[in-house]
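Student: Hi, have you got a few minutes to go through a structure with me? I'd like to jump around a bit and ask things as they come up.

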Amino acid sequence: MPEHLVQLNQLTVRFDERVVVDQVNLAVGRGDIITIIGPNGAGKTTLIKTILGIQKATSGQVSLAPDLVIGYVPQHLSLEATLPLSVKRFMLLSGRPLTACEAALRRTGVGHLLNASVHHLSGGEKQRLLLARALARQPDLLVLDEPAQGVDINGQAALYELIRELRDELHCGVIMISHDLHLVMAATDQVICLNQHICCSGHPADISHDPAFIETFGHQVAESLAVYHHRHNHSHDLHGDVVTENEPHGACNHEHH
Ligand SMILES: Nc1ncnc2c1ncn2[C@@H]1O[C@H](COP(=O)(O)OP(=O)(O)OP(=O)(O)O)[C@@H](O)[C@H]1O
C-alpha cells in the first residue's frame, strides 16, 4: 500500500440542501502533482477547504497522514490596506525563524524584497511571497488555490515550474486548483475534472479526449488542449506538410509540447 498524505473517501459537502461536493474519492501521495479543474461553482475551493480542515464534510471522510504539515497558498493575499506591513514581518507572522523565512523567500525568487512593503508588490511577487510562506513550513503537502492568478503568461509558466521543482526538493505532494488549462496540462501528473462529482480524471494527455471532459468544457477547449497532447505517427517536412503516405493524416505517434 502506498503511503497517502491525504485520502478522501466518498467526501460530500452540502450547503443547506444543495450538494456542492458529491462523493469524491481522491488520494494524494508524496511526489504527486494533482490539479483540480472545473467550471465556476464546481466545488473546487470547498473540496480543498475540507482538506485544510476549514470546511466540515457532510458525509464521507478526509484522512490525513499523521503529523501532516500542510503549506497553503490562497488565491489572493488579502490584507488591510492601511496596515503597514513589510515582507519580513509578514513572513515572521508564520512563526518560523527569520533564517527559514529568508531562505524560503530566496527560493521563490523574492529574497531581495525582504524590507519592501507587501502593499507595493506586483501580482507575481505576491504569489511568490505566498508560496514562500507555505514553503517556510517545510510542508509535506502543498495546497494551492489558483496560484497563478494575476500573473502574466510567462510568469505563470515559471511559477508552475517552480512548484514542480519544490515538489522534487521537498518530496511533498501537491494539490492545486487551476483555470490555466494549457499550463496545467504541461505541469501536472494527474488532472481531476470536478463538477460537484469527479467527471473524469487521469493523465493530462488522455483527459482532453474524455467525453465527460468535452461535455464539461466544450469541444473548443478540448480540441485546443488535444493539439498539445495528441500522438504523432507521421513526419512533417520543413514546410510542416505531412510526408509519410502510409499513415492517415492527422494521427500522430509522437508527443507535441
Ligand atoms: N459557506 C458557504 N455557504 C453556502 N454556499 C457556499 C459556501 N461556500 C461555497 N458555497 C457555494 O458552493 C458552490 C461551490 O463553491 P466553490 O467556491 O467551492 O466553487 P469553485 O469551484 O471553487 O468556484 P470558482 O471556480 O468560481 O472559484 C458555489 O455555488 C458557492 O456559492
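Student: Let's go straight to Gly123: is it buried, exposed or partly exposed?
Tutor: Keep in mind that this is a predicted model. Gly123 comes out as partly exposed, because 15 other C-beta atoms lie within 10 Å, and the cut-offs are 20 or more for buried and 12 or fewer for exposed.

Student: Which element is Gly123 in?
Tutor: Gly123 belongs to helix 4.

Student: And what does Gly123 touch, if I skip residues up to four places away in sequence?
Tutor: With those left out, Gly123 touches Gly150 and Val151.

Student: What separates the C-alpha atoms of Gly123 and Leu142?
Tutor: They are separated by 20 Å, and the two residues are 19 residues apart along the chain.

Student: Switching to the core. How many residues are in the largest nonpolar core?
Tutor: The largest nonpolar core has 61 residues. Those with the most contacts inside it are Ala132, Leu141, Leu142, Val143 and Cys193.

Student: Which helix gives the largest share of this core?
Tutor: That is helix 4 (residues 123-135), with 6 residues.

Student: Where does the core lie relative to the domains?
Tutor: It lies between domain 1 (1-69 + 141-204) and domain 2 (70-138), because both give residues to it.

Student: You listed Leu141. What does Leu141 touch beyond four places in sequence?
Tutor: Leu141 touches Leu5, Val6, Val28, Leu68, Ile70, Cys172 and Gly173.

Student: Nice, Gly173 then. Is Gly173 buried or exposed?
Tutor: Gly173 is buried, because 25 other C-beta atoms lie within 10 Å and 20 or more is the cut-off. Gly173 sits in strand 7 (residues 173-177).

Student: What is Gly173 in contact with, leaving aside neighbours within four places?
Tutor: Its contacts are Leu5, Val28, Gly29, Arg30, Gly31, Asp32, Asp140 and Leu141. As for Pro139, the C-alpha to C-alpha distance from Gly173 is 8.8 Å, with their positions 34 residues apart in sequence.

Student: Back to the two domains. What separates their centres?
Tutor: Taken over C-alpha atoms, the centres of domain 1 and domain 2 are separated by 22 Å. The contact takes 19 residues from domain 1 and 16 residues from domain 2.

Student: Which elements of domain 1 give two or more residues to the side that touches domain 2?
Tutor: Those are strand 6 (141-145) and helix 5 (153-170). The residues on that side of domain 1 divide into 14 nonpolar, 3 polar and 2 charged.

Student: OK, the ligand. What surrounds it?
Tutor: The surrounding residues are Phe15, Val20, Gly38, Asn40, Gly41, Ala42, Gly43, Lys44, Thr45 and Thr46. By type, the shell holds 3 nonpolar, 6 polar and 1 charged.

Student: Which helix gives the most to that shell?
Tutor: Helix 1 (residues 44-52) does, with 3 residues.

Student: Which residues of helix 1 are buried?
Tutor: Lys44, Leu47, Ile48, Thr50 and Ile51 are buried in helix 1. Seen down the axis, they fall within an arc of 150 degrees, so they line one face of the helix.

Student: What comes just after helix 1?
Tutor: Just after it, Gly53 takes a positive phi of about 80 degrees.

Student: Speaking of positive phi, what about Glu146?
Tutor: Phi of Glu146 is near 50 degrees, a positive value in a residue other than glycine. Glu146 is in the loop between strand 6 and helix 5. With 18 C-beta neighbours inside 10 Å, Glu146 counts as partly exposed.

Student: And His171, where is it?
Tutor: His171 is in the loop between helix 5 and strand 7. Its phi is also positive, about 50 degrees, although His171 is not a glycine.

Student: Is His171 buried or exposed?
Tutor: His171 is exposed, with 10 other C-beta atoms within 10 Å.

Student: Last one, the whole chain: how many helices and strands?
Tutor: The protein chain has 8 helices and 9 strands. Of its 257 residues, 33% count as buried.

Definitions and conventions: Residues are numbered from 1 along each chain as its sequence is written. This is a predicted model: local features need pLDDT of at least 70, side-chain atom pairs count only at pLDDT 80 or more; totals for chains, interfaces and linings use all residues. Helices (H or I, at least four residues) and strands (E, at least two) are DSSP runs, numbered from the N terminus. A residue is near a molecule or strand if its C-beta atom, placed from the backbone, lies within 6 Å of it. Ala, Val, Leu, Ile, Met, Phe, Trp, Tyr, Cys and Pro count as nonpolar, Asp, Glu, Lys and Arg as charged, and the others, Gly among them, as polar. Two residues are in contact if their C-beta atoms, placed from the backbone, lie within 7 Å. Domain bounds come from an automatic or database domain assignment. The arc is that of the directions from the helix axis to the C-beta atoms. A nonpolar core is a set of buried Ala, Val, Leu, Ile, Met, Phe, Trp, Tyr and Cys residues joined through C-beta atoms within 7 Å.
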